[in-house]
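Good morning, everyone, and thank you for making the time. I would like to walk through the empty spaces in one protein model and then turn to a sheet.

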Amino acid sequence: MTQKERMIAGLPYKAWLDGLEEESLRAKMLCHQFNQLSPDAFAERDAVLKELLGPCGSGICILQPFHCDYGYNIEIAGDFFANYNLTVLDVAKVSIGRNVQCGPNVGLYTAGHPIHAASRNSGYEYGRAITIGDNVWLGAGVIVCPGVRIGDNAVIGAGSVVVRDIPPDCVAVGNPCRVVRAITEADRRYYCGTEEFEGAILAELGIE
């Protein structure tokens, strides 16, 4: 197996062999190109993201700056928004559902290294896939660690470090991130804690 094949398979690999270093440089160059574009260069930004990322649906909005390892391992269903400074270490697959929102300084990190210093100093590393469901909101500064799955409709509080799977339809916060409560139908009425939408907006949302 080549080192890239080993990387994709989740096996230990060396990131500077068999063309991986060149592929990483390509991604860095495209990220640099993207990050230097004018904020109003919408078509150019979309074109660079299309060249950089893996299969993606429509409605992808990533605010600059943005950084990733390879790009082609990032798949987004569509209608995605990421605020400033999204970083994705995509040595393994990063699958993102539809209607996902990321606050500033979010990190999605599939990369891992051996714990023992002698093994780590050998240069071997590995990756574990990250999967994020539909309608997920990752607050500012959230870190998602290798191998984590986040279920549909989950909300991850700002500054959380997600080291284990998070079920759907819940609010989870902390380091390590833990579920604090379920999201219920009653939450539809509120936009900030216990602050309720005004009547016209409730009507727009179809809430009596």
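Before I name any residues, a word on terms: a cavity here is a set of grid points where a 1.4 Å probe fits but cannot get out, and a residue counts as lining when one of its atoms is within 4 Å of such a point. Please also keep in mind that what you see is a predicted model.

With that in hand, the structure holds one cavity of 30 Å³ or more, and the volume of the largest cavity comes to about 40 Å³. Which residues line the largest cavity? They are Leu53, Ile62, Phe66, Ile74, Ile76, Phe80, Leu86, Val88, Ile96 and Leu108, and when this lining is sorted by class we find ten nonpolar residues, with no polar and no charged ones. Two strands, S3 (74-78) and S5 (86-89), each supply at least two residues of that lining.

Let me move on to the pockets. The largest pocket encloses about 760 Å³ of space, and 21 residues line it, with Trp137, Val155, Ile183, Asp187 and Tyr190 lying nearest its centre. By class, the lining of this largest pocket divides into eleven nonpolar, six polar and four charged residues, while the largest share from one element, three residues, comes from strand S19, which covers residues 190-192.

The second largest pocket has a volume of about 220 Å³, and its lining consists of Asp46, Leu49, Lys50, Leu53, Gly54, Cys56, Gly57, Ser58, Gly59 and Ile60. You may recognise Leu53, which was named in the lining of the largest cavity and is listed again for the second largest pocket. Helix H3, residues 42-52, gives the most to the lining of this pocket, with three residues, and the lining as a whole has four nonpolar, four polar and two charged residues.

Finally, the sheet. Strand S5, which we met at the cavity, belongs to an open sheet of five strands in the order S2-S5-S8-S13-S16, with parallel pairing. The edges of this sheet are strand S2 (66-68) and strand S16 (161-162), each of which pairs on one side only. In general, strands of a sheet pair through backbone hydrogen bonds, either parallel or antiparallel. Looking closely at one pair, S2 and S5 run in the parallel sense and are joined over three bridges, and histidine 67 has threonine 87, in S5, as its bridge partner.

Conventions: Residues numbered from 1 in each chain as written. Predicted model: local features only at pLDDT ≥ 70, side-chain atom pairs only at ≥ 80, totals over all residues. Heavy atoms only, no water. 1 Å grid on protein atoms, 1.4 Å probe; cavity = no way out; pocket = protein on both sides within 12 Å on 5 of 7 lines; lining within 4 Å. Points joined across faces, edges and corners; volume = space filled by probe spheres on them. Helix = DSSP H or I, 4+ residues; strand = E, 2+ residues; numbered from the N terminus. Nonpolar A, V, L, I, M, F, W, Y, C, P; charged D, E, K, R; others polar. Pairing = 2+ DSSP bridges.
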